[in-house]
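Open your viewer and get ready to click along. We will go from one selection to the next, with a short note on what is there.

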Amino acid sequence: MARHGGRTVRDLRRESRSAVLQRLYFDGPMSRLALGSAAGLSSGSVSTVVAELMADGLVEEAGSLGADGGRPRTLVRVAADRGRLVGVDVGETRVRVELFDLSMSELARTERSLPGHRSRSYDVGVVAGHIVDGVAEVLGADGPARGSGELLGLGIGVPGIVERTADGTLVHGQTVGWDAVPLEALLRAPGRLPAHVPLFIENGARTLGQAEMWFGGGRGAHNAVVVLFGSGVGACVVTDDVERGRAVEWGHLTVRVRGRRCRCGARGCLEAYAGAEALLARWREAGGEPPPDADEEAALTAMLSAARPGDGGTPDPVAARVLAETAEYLGAGLADLVNLFQPERILVGGWAGLQLGPAFLESVRAHTLAHALRHPAGRVGISLGRLGPDAVTVGAATLPLAAFFARGGRRPPVASPAPVPAWRAALGGRLAGQRGGG
C-alpha cells in the first residue's frame, strides 16, 4: 500500500473520517463547505468522506442553509441513532449504569446500591456483578423500538489508580480496599460481557473531567482542573500536553502533618478533612447528630440544613463550623492545584460538591485566592460543573466514543480469545459464587 510520510492511504482516509466526524459531532450540523474548512480538508476530499460516512449510515442530511445569491447549502450531521454507548459510574455508595445514543441522549438507566460501603472494603465480585447486570438491564430496556444502532463500547469510571497490563486492566483503589483488582478480567469472564464489545476502564475523576471538557463548563478551555468531590476527593488535570486529562490523587496531598487518619492509611491527607465521609465523621465527633441509618447523601443534606436552615431557624453552630473549616481545607487544596498547574478554570463536581457548592463555593473561592500565588490566582475562574450528578457516567461513555472517532467510525478489530490465566478462572468462580449466594 502506498505511503505518505510513513502513513498509508488507509491511515490518511481514517484520519480524514475521524476529523469530519469530530467536527460534525462538536460543531454540527454543518455544510460541506464549512466542514472542509473546519476539518482542514479540500472540497473534493470532504465530499468524498461525507459520501462514505453517509453510505455507512453514520452521517445524515439535516436541512439546508440559505446562501446569499446562490443555492442553499445542505447541512449534514452525525446520525445519533447509529450507535449506542454505555457509561458506568462505580461510586462509593452505588453503581450507576446509563445507555446513550451518539448524541449522548439518555436511553435507559439503572442504579444498584453498595450498602456495605461503610466497611471501606468493596467486594469486587459484587461490584462486577452490578456492572454486568446493569448493562444487561439497560440494553434490554432500550429494546428494538428505541433504535438499532450497534453497541460501540462500554466505559467505566472507578475509584483508584488504573493500570494497563497484558492480562487486562487492574484497579488499585487503596481507599476502598482494592489492591490490583483485575476488574477487566472479571467482566470478560465467560458468560459475562461479550468479548467483541470494546471495554474502557478509567479513574472516575478523569471521566468526570472529560465530560466537563467535552460538554460542560470546561469546553473551550486549554488548561483546566475538574474536581470530583464525593465520599472522597480527586481531580482531573487537562493541559495542552494532556488533552484528554490526567487523573491525579489530589485527595492524598498532605494538608496537615500528623493530622487525621485518612482512609488510605496515611495521616493528614486532604481527603481526611474534605471528603464527604470525613466531613460527616468530623461533624459527629464534634457532637453533630446525622439522621440514624441515613446514607452519606442524606446525612450531608441534613448537615447542610442544620448549618443553614431555610425556615429562618437558628443555625447549628457545630455544623456551620465544620462546613466553614471544610471550605478552608478545600480552598487550600485548590490553591495547590492553581500553583502547580496554573489552570484557566477549576470546576467542582461530584455529588457532594454539587450539593454543597451553592452554599459555600464563594467561601472556597476566597480561601483559594488567599492561599494561591497572585499571578495564577488572578487568571483562574472557579465554578461548579455543569453536568450534574451524571457527569462521571457521561464521561465514561465518552471513552468508547473517543475510540470510535479515532477509528474514523470503523468497527474495532475482533481479537482472538486469549488464554485464560489461572487466577482469572479462580476469580470468575468466586464472582459466580458470591452472586449466586445473593
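Start by selecting Ala 128, which sits in helix H4 (residues 124-142); helices here are DSSP runs of H or I with at least four residues, and strands are runs of E with at least two, numbered from the N terminus. Ala 128 is buried, its relative accessible area being 0%. Buried stands for under 20% relative accessible area, exposed for over 50%, and partly exposed for what lies in between, with a 1.4 Å probe and protein chains only. Now add Val 95: the two C-alpha atoms are 9.6 Å apart in space, while Ala 128 and Val 95 are 33 residues apart in sequence.

A word on what you are viewing: this is a predicted model, where local features need pLDDT of at least 70 and side-chain atom pairs count only at pLDDT 80 or more, while totals for chains, interfaces and linings use all residues. Residues are numbered from 1 along each chain as its sequence is written, and side-chain values use heavy atoms, with hydrogens and water left out.

Next, select helix H2 (residues 32-39) together with helix H3 (residues 43-55). Their axes are 10 Å apart and the packing angle is about 105°; axes are lines fitted to C-alpha atoms, for helices over the stretch in contact, and angles run from 0 to 180 degrees between N-to-C directions. H2 is therefore roughly perpendicular to H3, a label for angles of 65 to 115 degrees. Show the side chains: H2 brings Arg 32, Leu 35 and Gly 36 to the contact, and H3 brings Val 46, Ser 47, Val 50 and Met 54. Contact means heavy atoms within 4.5 Å.

Now move to the open sheet of 5 strands, ordered S16-S15-S14-S17-S18 with mixed pairing. At its edges are strand S16 (246-248) and strand S18 (381-384), each paired on one side only; two strands pair if DSSP finds at least two bridges between them. From one strand to the next, the twist averages 20°.

Within this sheet, pick strand S14 (residues 224-229) and strand S17 (residues 345-349): they run parallel and are joined by 5 bridges. To see one bridge, select Val 227 and its partner in S17, Val 348. Then add helix H10 (residues 317-341), which lies across S14, strand S15 (233-238), S16 and S17 and runs at about 155° to S14.

Finally, zoom out to the whole protein chain, with its 14 helices and 18 strands. Of its 438 residues, 51% count as buried.

Conventions. Parallel < 35°, antiparallel > 145°, perpendicular 65-115°, else oblique.
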